[in-house]
Amino acid sequence: MAQDPRLQTAARALARSRRLVVFTGAGVSKESGIPTFREAETGLWAQYDPMELATREAYERRPAFVWSWYEHRFGAAAAVTPNPAHTAIAELERLLPQVTVVTQNIDGLHQRAGSSDVIELHGSMFRFKCLSGQHDGFVLADFAGQDEKPPRCPECGELLRPDVVWFGEALPGDAIDRAQALSADCDVMLVVGTSGIVYPAAGLPLLAAEAGATVIDVNPERDALTAAADIFLQGPGGEVLPELVAAVRQHLAG
Ligand code: BV8
């Protein structure tokens, strides 16, 4: 891949970028050991479709069951570490004048890898809020003593829920507004590990392309955004991104 002319073209565009947005999906965490949304999970959860579980209706109907799905995912995310894809993305922040990560993921791995400007479009599995919507900002430690699952809001006794965006729910206004503004203004967008199916997030690379940005898509297989990209680098992020960042460093060194 390193000698691939497409990788060199992508590296040149990145080296010249003044306002870079890195847009990521579940695929960027795959090599950390977190299954993507589209892949069938293993074990107990293999029979369930995340689309069916990540909804308010599912939670209201079966709170303990959906809570245990999130507990399973918390455990998985807490047990893993950022992979070379996350690390390479964090490295870009040290090489280039302006880098913002816009992620669909809720696992916090970009921040753990060192990225300092991360927009979490779909929330975070490590933050909790009250099902009433009145109280938020809770963390797991706030209800460690509670045996009841799901735990209850310390403020009003209503069920707590993960502070994530479920299907059918609006994204946090400040997050999507800033992400859309940055996507319309960036000169390069690096897209990593997304099937490009979930909206409004998947509209961001289209916004960048329409605004004239160079869009680079990194994925082991073609995805719904590949056609809109200027450059498609086929391969896993954990392999492609370290090579891409090494080539960016070479271009910057002149
Ligand atoms: C909204 C948080 C409106 C939760 C997630 C009917 C009713 C309502 C809405 C809709 C509807 N029909 C359609 C919609 C819109 C809907 C939507 O887009 N649905 C899709 C399925 C068609 N969107 C919504 O509902 C959004 N809200 O529209 O609200 C509204 C407006 C105003 C007021 C009220 C309402 C909310 C969407 C957010 C849902 N929450 N996550 C949780 O995680 O538990 S989305 C979920 O999917 C994850 O965040 C995940 O990241 C995301 C997208 O998936 P990807 O990240 O792309 O992951 P995926 O598995 O799909 O793909 C992985 C890719 O990686 C693959 O391409 C693979 O090839 C690649 N890969 C594999 N290995 C690697 C790799 N890449 C690199 N390296 C590797 N090693």
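**Exercise 1. Find which helix holds L206, and decide whether L206 is buried, partly exposed or exposed.**

Step 1. L206 sits in helix α8; helices (H or I, at least four residues) and strands (E, at least two) are DSSP runs, numbered from the N terminus.

Step 2. This is a predicted model, in which local features need pLDDT of at least 70 and side-chain atom pairs count only at pLDDT 80 or more, while totals for chains, interfaces and linings use all residues. Residues are numbered from 1 along each chain as its sequence is written, and side-chain values use heavy atoms, with hydrogens and water left out.

Step 3. Now the cut-offs: buried means under 20% relative accessible area, exposed over 50%, and partly exposed in between (1.4 Å probe, protein chains only). With a relative accessible area of 27%, L206 is partly exposed.

Step 4. Look for its partners. Leaving aside residues up to four places away in sequence, L206 touches Y199, L225 and A228; contact means heavy atoms within 4.5 Å.

**Exercise 2. List the buried residues of α8 and say what they pack against.**

Step 1. Helix α8 covers residues 203–210, and its buried residues are G203, L204, P205 and A208.

Step 2. These buried residues pack against β1, β2, α7 (173–185), β7 and β8.

Step 3. Keep going along the chain: just after α8, G212 takes a positive phi of about 95°. For background, most residues other than glycine have a negative phi, and most peptide bonds are trans.

**Exercise 3. Locate the cis peptide bonds at P200 and P150.**

Step 1. Y199 and P200 are joined by a cis peptide bond, with omega about 0°. P200 lies in the loop between β7 and α8.

Step 2. Another cis peptide bond joins K149 and P150, where omega is about -10°. The loop between β5 (136–138) and β6 (160–164) holds P150.

**Exercise 4. Place V191 in the fold and work out its surroundings.**

Step 1. V191 belongs to strand β7.

Step 2. Its relative accessibility is 1%, so V191 counts as buried.

Step 3. Not counting residues up to four places away in sequence, V191 touches F23, P205, V215, I216, D217, V218 and L225.

Step 4. Compare this with a position elsewhere: V191 and K149 are 42 residues apart along the chain, and their C-alpha atoms are separated by 37 Å.

**Exercise 5. Describe the largest nonpolar core.**

Step 1. A nonpolar core is a set of buried Ala, Val, Leu, Ile, Met, Phe, Trp, Tyr and Cys residues joined through side-chain atoms within 4.5 Å. The largest one here has 30 residues, and L20, L190, I216, V218, L233, L241 and L244 have the most contacts inside it.

Step 2. Elements that each supply at least two residues of this core include α1 (5–16), β1 (20–24), β7 (188–192) and α9 (237–253).

Step 3. Zoom in on L190: among its contacts beyond four places in sequence are L20, F23, L92, I216 and L244.

Step 4. Apart from the largest core lies another, of 26 residues, including A58, V66, Y70 and F74.

**Exercise 6. Sum up the whole protein.**

Step 1. Count the elements: there are nine helices and nine strands.

Step 2. The radius of gyration (taken over C-alpha atoms) is 19 Å, close to the 18 Å from the globule rule (2.2 Å times the number of residues to the power 0.38) for 254 residues, so the protein is as compact as a globular protein of that length.

Step 3. Of the 254 residues, 50% count as buried.
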